[in-house]
Amino acid sequence: MFSSKMIKITKLSKYFHINSNNSQWLSLVTNTMRFSTSNILKDRYYTDKHEWIDVKDKIGTVGISHYAQEALGDVVYAELPAIGTEVKIKDECGALESVKAASELYSPASGKIVEINSKIETSPALINQSCYENGWLFKLELSSIEEVQNLMNEEQYTEFIKQDHN
Amino acid sequence: MAFVIRRFYSSVIEKTVMISRSKDVFENLALEHWYYRHLDFTNKPMLLLWMNDNCVVIGRHQNPWLEVNFDQANNVHVARRNSGGGTVFHDNGNLNMTFFTHRDVYNRKKNLELIVETLKSEWNILTEINKREDIVIDNNYKISGTASKLGRPNAYHHCTLLVNCNRELMSALLRKHEKNIETNATVSVSSAVLNLTQINNKVSINRLMTAIGLQYLKTVDGKITKTLGFNYVTPNEHTFPGFNEIKKEMESWEWRYGRTPKFNITIKSNEQSVLLSVKNGIIENVSTTCNVSLNNLFSKKFSMNIVEDIKKCLKTIEV
């Protein structure tokens, strides 16, 4: 993520012919970074374990990807973390049960659990039917936005699935 | 260079068969969990064979009070495992097998086919894998139940295999009764079962361990396979640092009962009823149709004794 930001900045500096000693340049750098940060966080981000996270105002909503729900089959039970639990990135924080298999959930970022989707406690099938909307799992008050920026974006994740599992 | 090294390593598969010396369900579940947590099975798949003394093992998201007939469970341990699926009974006539692999090569069907193949080649016993991925004889009688746990990087599939199990005790412990429990927990699917010795009395646990272990070691997955043979293990803290802590957790009330998905139970007697709401195994709410104070039940650990006490109490009320 960091390197792609640097490329953007370099490209811009070429475009505007700015001298790096210039104070204008500094303000442009900060603006560009601000711009790219907010831009990044509008999207959904993915882990290599197939969870997704969508961030709004430091609150990340977490779910599993379409690829993951398809691989699991019909989810019959969702074990979610308790509200108030502090989790670290990659921590086990629950499990989904399908076809007699318990699949561990790993938190895509560090933070505190602030909400869980109570609908999936009674209808876990929502995870299969609507993994990006009604089938979200829990919300997390993030301790670091950078962790999310290091995850894969939609395009990278699509590529990751192709490479890893074909 | 990195590429070359990776290719070299990924072309050698090391296989091991472990046999646990313990017959204690909590020790064996702890050993299984220790392996899952501490080893990396990338290119090093492992088969663990284990047996337990009389016990009932419920799935990770199950309700023990719904699954087990506790009035029959004297001297029988009730354990909760980490994998999904339903409740099984174990005794010395049942062989448990855990197939550990990297998550990417986890393949339940392949493991079950290995068992089916072995039964056929060694004893000419014809079995099939059904839709639920259990092994059955004559399309109906279950001889093996399956469940699994999927994590990163490791995963495991484990299954039971009935050789000469005490079917009467199994049935007494697991037979379904109406328990008036309302829950989203995973509910077991009952099946008629059969022992392998009923088909062929030459089958024994020891012969099965040897036959399945050898078949496992000799199965080559299109790559160079190196076998590390059979090894006996005694699960203990010395060989497996951290083992005691996992065992303690497996034995704890919090894991076995406290992890039960929340549920409501209705207790009826003498035309009266009491509804208990139980979360994390603790009574959270009590409501009743009669004029009896049950406030002392709040925050108590739920148990079948409490159900019996409530029934007794309801019987004393004049209607």
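Okay, let's start inside chain B: strand E3, residues 55-58, is joined to E5(B) by three bridges, and the two run antiparallel. One facing pair there is B:Val56 and B:Phe89, the latter in E5(B). Before I go on, please keep in mind that this is a predicted model.

So what sheet do those strands belong to? It's an open one with three strands, ordered E4-E3-E5 in chain B, and the pairing is mixed. At the edges you'll find E4 (77-80) and E5 (88-90), each of them paired on one side only. If you ignore direction, neighbouring strands in this sheet are turned by 25 degrees against each other on average. Then there's a helix to look at: H5 of chain B, residues 167-174, lies across E3 and E5, running at about 140 degrees to E5(B).

Next, a hairpin. E8 of chain B (residues 135-137) pairs with E9 of chain B (residues 141-144), antiparallel, over three bridges. B:Val136 has B:Lys142 in E9(B) as its bridge partner. Which residue takes a positive phi in this hairpin? That's B:Asp138, near 55 degrees, and the hairpin has three residues between the strands.

Now the other sheet I wanted to show, still in chain B. Here four strands make an open sheet, E12-E14-E15-E16 in order, with antiparallel pairing. The edge strands are E12 (181-183) and E16 (282-288), and again each pairs on one side only. The average turn between neighbouring strands is 20 degrees in this sheet, direction ignored. E15, residues 272-279, and E16(B) pair antiparallel over six bridges, with B:Ser277 opposite B:Asn285 in E16(B). Packed on the sheet is helix H10 of chain B, residues 304-315, which touches E14 (263-269), E15 and E16. The direction of H10 makes about 35 degrees with that of E14(B).

A quick stop at helix H7 of chain B, residues 205-218, where B:Gln215 sits. B:Gln215 and B:Glu117 are 98 residues apart in sequence, yet their C-alphas are 8.7 Å apart in space. Leaving out residues up to four places away in sequence, B:Gln215 touches B:Leu114 and B:Thr118.

Alright, on to where the two chains meet. How many residues does each chain bring to the contact? Chain B gives 27 and chain A gives 20. Together they bury about 1800 Å², and 40% of that is on carbon and sulfur atoms. On the chain B side, B:His61, B:Arg152 and B:Asn184 lose the most area to chain A, together 33% of what that side buries.

For those of you who like charges, seven salt bridges turn up across this interface. One to click on is B:Arg60 with A:Glu79, whose side chains meet at 2.9 Å, N to O. The count of residue pairs in polar contact between the chains is 18. Helix H2 (25-38) and strand E10 (146-150) of chain B each supply at least two residues to the side touching chain A. The largest share of that side is from E10(B), with five residues. By type, that side of chain B splits into six nonpolar, ten polar and eleven charged residues.

And E10(B) does something else at the interface. Strand E7 of chain A, residues 101-106, is joined to E10(B) by three bridges, and these two run parallel. If you want a spot to zoom in on, A:Ala102 stands opposite B:Lys149 in E10(B).

Definitions and conventions:
Residues are numbered from 1 along each chain as its sequence is written. Chains are lettered from A and ligands numbered from 1 in the order in which they are written. This is a predicted model: local features need pLDDT of at least 70, side-chain atom pairs count only at pLDDT 80 or more; totals for chains, interfaces and linings use all residues. Side-chain values use heavy atoms; hydrogens and water are left out. Contact means heavy atoms within 4.5 Å. Buried area is the accessible area (1.4 Å probe) that two parts lose on being put together, summed over both. A salt bridge is a side-chain nitrogen of Lys or Arg within 4 Å of a carboxyl oxygen of Asp or Glu. A polar contact is a pair of N or O atoms within 3.5 Å; within protein, one must be able to donate a hydrogen and the other to accept it, and residues adjacent in sequence count only if both atoms are side-chain atoms. Ala, Val, Leu, Ile, Met, Phe, Trp, Tyr, Cys and Pro count as nonpolar, Asp, Glu, Lys and Arg as charged, and the others, Gly among them, as polar. Two strands pair if DSSP finds at least two bridges between them. Axes are lines fitted to C-alpha atoms, for helices over the stretch in contact, and angles run from 0 to 180 degrees between N-to-C directions.
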